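Thanks, everyone. Let me put the structure up, and then we can walk through it.

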Amino acid sequence: LTYSTLHEERQLVERQLDHLLRYEKLDASNIALLGTHHIERSFLAGDRRLCGLPVEAIKDDGTVSAGALRYSTPRRFKGLEADAILLCDVDGVGHAGSDRDLYVSMSRARHRLYLFRRS
């Protein structure tokens, strides 16, 4: 999915997340948001909630608080996986979207992968 503004990206991610939670009945613990920027510089900066759920950067063991959505950079998520991965902030800034990071991100999804990139 492509976006032009961070506001538009947030809407697209939230719509897809809502579909996964409500209609596909995935548990939040089976979904991960991978962003090419740290959470403080991501589309979530300023408001770390999606679909009424808090979004937290993963701890060293890959977990977050109960009921929260996991957020990580691709490099930090290496070795972990989730049923659904939402790869966000693919905007080409810095090393964001490098072949290595994109490969790591895409290979972490067990069943579903959604890519959100700036047009």
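I will go through some strands, then two residues in helices, then a residue with an unusual backbone angle.

First, a caution. This is a predicted model.

Start with the strand pairing. Strand 3 and strand 4 run antiparallel, paired over two bridges. One bridge to pick out: R49 has P54 in strand 4 as its partner. Together, strand 3 and strand 4 make a hairpin, with two residues between them.

Now look at that turn. Which residue in the turn has a positive phi? That is C51, at about 55°. C51 is not a glycine, and its phi is positive all the same. Its place is the loop between strand 3, residues 49–50, and strand 4, residues 53–57. Is C51 buried or exposed? Neither. Its relative accessible area is 26%, so C51 counts as partly exposed; the buried class ends at 20% and the exposed class starts over 50%.

Move to the other partner of strand 4. Strand 5 covers residues 69–72. Strand 4 and strand 5 pair in the parallel sense, over three bridges. Here E56 has R70 in strand 5 as its bridge partner.

R70 brings us to F77, since R70 is among the contacts of F77. F77 sits in helix 2, residues 74–77. Its relative accessible area is 0%, so F77 is buried. What does F77 touch, beyond its neighbours within four places in sequence? The contacts are A32, L34, I58, R70, S72, I85 and R108. For a sense of distance, take G46. F77 and G46 are 31 residues apart in sequence, and their C-alpha atoms are 23 Å apart in space.

Next, S105. Helix 3 spans residues 99–106, and S105 is in it. Relative accessibility is 0% here, so S105 counts as buried. Setting aside residues up to four places away in sequence, S105 touches L34, P74, I85, L87 and L113. Check L34 and I85. Both are on the contact list of F77, and both are on the list of S105.

Last stop, D89. Where is D89? It lies in strand 6, residues 82–90. Its phi is near 60°, positive, and D89 is not a glycine either. At a relative accessible area of 1%, D89 is buried.

So put C51 and D89 side by side on the screen. C51 has its positive phi in a hairpin turn. D89 has a positive phi, but its place is in a strand. C51 is partly exposed, whereas D89 is buried.

That is the tour. Questions, please.

Methods: Residues numbered from 1 in each chain as written. Predicted model: local features only at pLDDT ≥ 70, side-chain atom pairs only at ≥ 80, totals over all residues. Heavy atoms only, no water. Helix = DSSP H or I, 4+ residues; strand = E, 2+ residues; numbered from the N terminus. Buried < 20%, exposed > 50% of the residue type's maximum accessible area, 1.4 Å probe, protein only. Contact = heavy atoms within 4.5 Å. Pairing = 2+ DSSP bridges.
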